[in-house]
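I am opening this notebook to record what I look up in the structure, one topic at a time. The entries are meant for someone who has not seen it before.

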Amino acid sequence: MLALDRVSKTYPNGVEALARFSAEIRQGEIIAIIGGSGCGKSTLLRAIAGLDRASSGTVTLDHEAIASPHAKIGIIFQEPRLLPWLSVADNIGFGLADLPATERRAKVARALERVGLADKAQAWPRELSGGQAQRVAIARALVPQPEVLLLDEPFSALDAFTRRDLQDHLLDLWADTRPTLILVTHDVDEAVVLADRVLVMRPRPGRLFDQIEINLGRPRERNSPLFETFKRSVLTSLDRSLDRNVPDRDATQGPGQAMWW
Amino acid sequence: MGPGLRRDDSGRGGDSSVAFHNQTRFLPAMISDAPVLQQTSEPAESTAAPSRLSRYARPVLGLLLPVTLALGWELVVWSGWSSGRLVPPPSRVFATITGLGRSGELVRHIAATLWRVSLGFAVGVVAGTLLGAISGYWSLARRLLDPTVQALRAIPSLAWVPLFILWLGIFETSKIALIAVGVFFPVYLGVMGAILSVDRKIVEVGRTFRLSGPAMIRRILLPAVLPAYVVSLRVGLGLGWMFVVAAELIGASEGLGYLLLDGQQLGKPAQILAAIVIFAILGKLTDWLIEVAAAPFLRWQDAFFRAKGA
């Protein structure tokens, strides 16, 4: 279980990016974090990744405090961030340097097969399309089998078709080992398609506003009325989060309280 | 996945109607595992044929002017319109080179010059790389060191010559020092600039995979810096060749620069041109050596240019 306990982040310039964010995330749960710009989504994700330290509060994974990048936590960024001097296969195997070569090669080959890029193994990253490159990034993050995978707006730079394809693909890959997924997004559709639970944050300072359980089976039909209903409830919550007249709710009441329709 | 992409390759022949036909045929296979849009985004290279033609035509066009001038001058001298005493025709320059070669003098001069350039280049590269790396990696060192280096860089390097001769004597050491100074600055700047401009986002990837300091340098920083480093080496080598001429003009009893000076003082323009030609050949050759040595490590860049330039 990933526990966030009153995580706060104040930058040296005095900006309070994140204020007392608390949440408990079960192993294997898929969480989408959504909110207006400047609401501290990415700050939160970087704190969980151990890339930036929280000013106060703690992030613990199975009771182990996270203060620096951890082997059980992988991250995928908005850009693929592939190393341009490594082939696709070597990029995927980047995090497996400690393994013996044969084992590494086998894992990389399996991952390549799994993301459908087996024929691109020896290609350079610059020869890939945006969607292909992001698949490689996903494979690179998943191949060390993290318990938690963080995704920072991973599909926002892609066109709508590719994005949809990769969302489905991500769920497909997730089913293999069922890591915890924490996805920062500004796309309501994406949140509802992927998440078990949507956390809505509100800005200045970034804090938790609401959480919405998405009680929908998978695979989810993007056009179903129920899907629309969940989408609307997330949108409503998002709108309220941006309305300064709406007071903070106590989001720690527990999940499900937002299903008020 | 396979068929969908092979479709792309088949389109590369240039016949776009064939490509389109294959595309539609393989569509069902693609939908299952690949986004359609990214598959179709690569245009068929129907313009490949004309660009390949110009690829061979361009160097020939470039050679046209010098070759015509050389042959024309040769003709002018041969027909007796000019004596060619101050501007010797190519045949006479060539004869001078073979003459020097036969007497063994040429080898001695080339060896002397090459030795000076190699040593000066080595010293300059080592110093430039070390200081550049320190300045690039460690911001405190950069604040301490860089202003001084930049100030020294502003001095025209030939201004050092009298001082070097006083300090290091008129023989080899002062010459090598001068060459090393010339090589040092571009290498220093190249290394420092390259390290400073390493993409922080890529460094962060290294951090998320918990690379140790040495592993970060070996697996992220070195490969990231290499392209700019090779460029700075080539610039440095070019300056090294420039400064070896200066050093040898100032006072030497052998070397290609000495051939230049000797040719001037004894009124042998063919010898001067011969030395210049050999400088050009050696300069190009050593530059090519760096390029070839670095090529295996920079293949990923070629892929980039091939993709963009095609």
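**Entry 1: A67 of chain A.** I began with A67(A), which counts as exposed because it has 11 C-beta neighbours inside 10 Å, and a residue is called exposed when 12 or fewer such atoms lie within that distance. I noted straight away that I am working with a predicted model. Looking for its place in the chain, I found A67(A) in the loop between β5 and β6 (73–76) of chain A. I then asked which residues A67(A) is in contact with, leaving aside its neighbours within four places in sequence. I wrote down G50(A) and R53(A). I also looked up the separation from R104(A), which is 37 residues apart from A67(A) along the chain, and the C-alpha atoms of the two are separated by 28 Å.

**Entry 2: the sheet beside that loop's start.** Since β5 borders the loop that holds A67(A), I looked next at the sheet to which β5 belongs, and I found that 4 strands of chain A form an open sheet in the order β2-β1-β4-β5, with antiparallel pairing. Its edge strands are β2 (16–25) and β5 of chain A, each of which pairs on one side only.

I went through two of the pairings in turn. Strand β1 (residues 2–10) of chain A is joined to strand β4 (residues 56–61) of chain A by 5 bridges, and the two run antiparallel. Along this pair I noted that L2(A) stands opposite L61(A) in β4(A), while S8(A) stands opposite S56(A) in β4(A). From β4(A), 2 bridges lead on to strand β5 (residues 64–65) of chain A, again in an antiparallel arrangement. Here L61(A) came up once more, as its bridge partner in β5(A) is E64(A). I recorded that β4(A) and β5(A) form a hairpin with 2 residues between them, and that D62(A) in the turn has a positive phi of about 50°.

As a reminder to myself while reading strands, I noted that in a regular strand the side chains alternate between the two faces of the sheet.

**Entry 3: a second hairpin in chain A.** Further along, I looked at strand β9 (residues 197–202) of chain A, which 6 bridges join to β10(A) in an antiparallel pair. For M201(A), the bridge partner in β10(A) is L208(A). These two strands also form a hairpin, this one with 4 residues between them, and R204(A) in the turn has a positive phi of about 50°. Is β10(A) enclosed by the rest of the structure or left open? I found that 6 of the 7 residues of strand β10 (residues 207–213) of chain A are buried, so the strand is largely enclosed by the rest of the structure.

**Entry 4: chain B as a whole.** Turning to chain B, I counted 14 helices and 0 strands. Of its 310 residues, 28% count as buried. Among the contacts in chain B with a separation of 6 or more, 71% are between residues 24 or more positions apart. I also checked the record, where an unreviewed UniProt entry carries the annotation "domain: ABC transmembrane type-1" over residues 110–290 of chain B. That span is 86% helix and 0% strand, and its end C-alpha atoms lie 19 Å apart.

**Entry 5: how helices of chain B pack.** I chose three helix pairs, bearing in mind that two packed helices are described by the angle between their axes and the distance between the axes.

The axes of helix α12 (residues 256–265) of chain B and helix α13 (residues 269–294) of chain B come within 7 Å and cross at roughly 160°. That angle makes α12(B) roughly antiparallel to α13(B), and I noted that their crossing is left-handed. Residues including L256(B), L259(B) and L260(B) in α12(B) meet residues of α13(B), among them P269(B), I272(B) and F279(B).

The axis of α12(B) also comes within 7 Å of that of helix α6 (residues 105–137) of chain B, the two crossing at roughly 125°. This makes α6(B) oblique to α12(B). The contact is made by H109(B), I110(B) and T113(B) of α6(B) and by L256(B), G257(B), Y258(B) and L259(B) of α12(B).

Last, I looked at helix α9 (residues 172–196) and helix α11 (residues 213–250) of chain B, which pack at an angle of about 160° with their axes 7 Å apart. That makes α9(B) roughly antiparallel to α11(B), and α9(B) passes α11(B) in a right-handed crossing.

Methods: Residues numbered from 1 in each chain as written. Chains lettered and ligands numbered in written order. Predicted model: local features only at pLDDT ≥ 70, side-chain atom pairs only at ≥ 80, totals over all residues. Pairing = 2+ DSSP bridges. UniProt positions renumbered as here; feature names shortened; annotations may be inferred. Buried ≥ 20, exposed ≤ 12 C-beta atoms within 10 Å, placed from the backbone. Contact = placed C-beta atoms within 7 Å. Axes fitted to C-alpha atoms, helices over the stretch in contact; angles between N-to-C directions. Parallel < 35°, antiparallel > 145°, perpendicular 65-115°, else oblique. Left-handed = near helix turned anticlockwise from the far one by under 90°.
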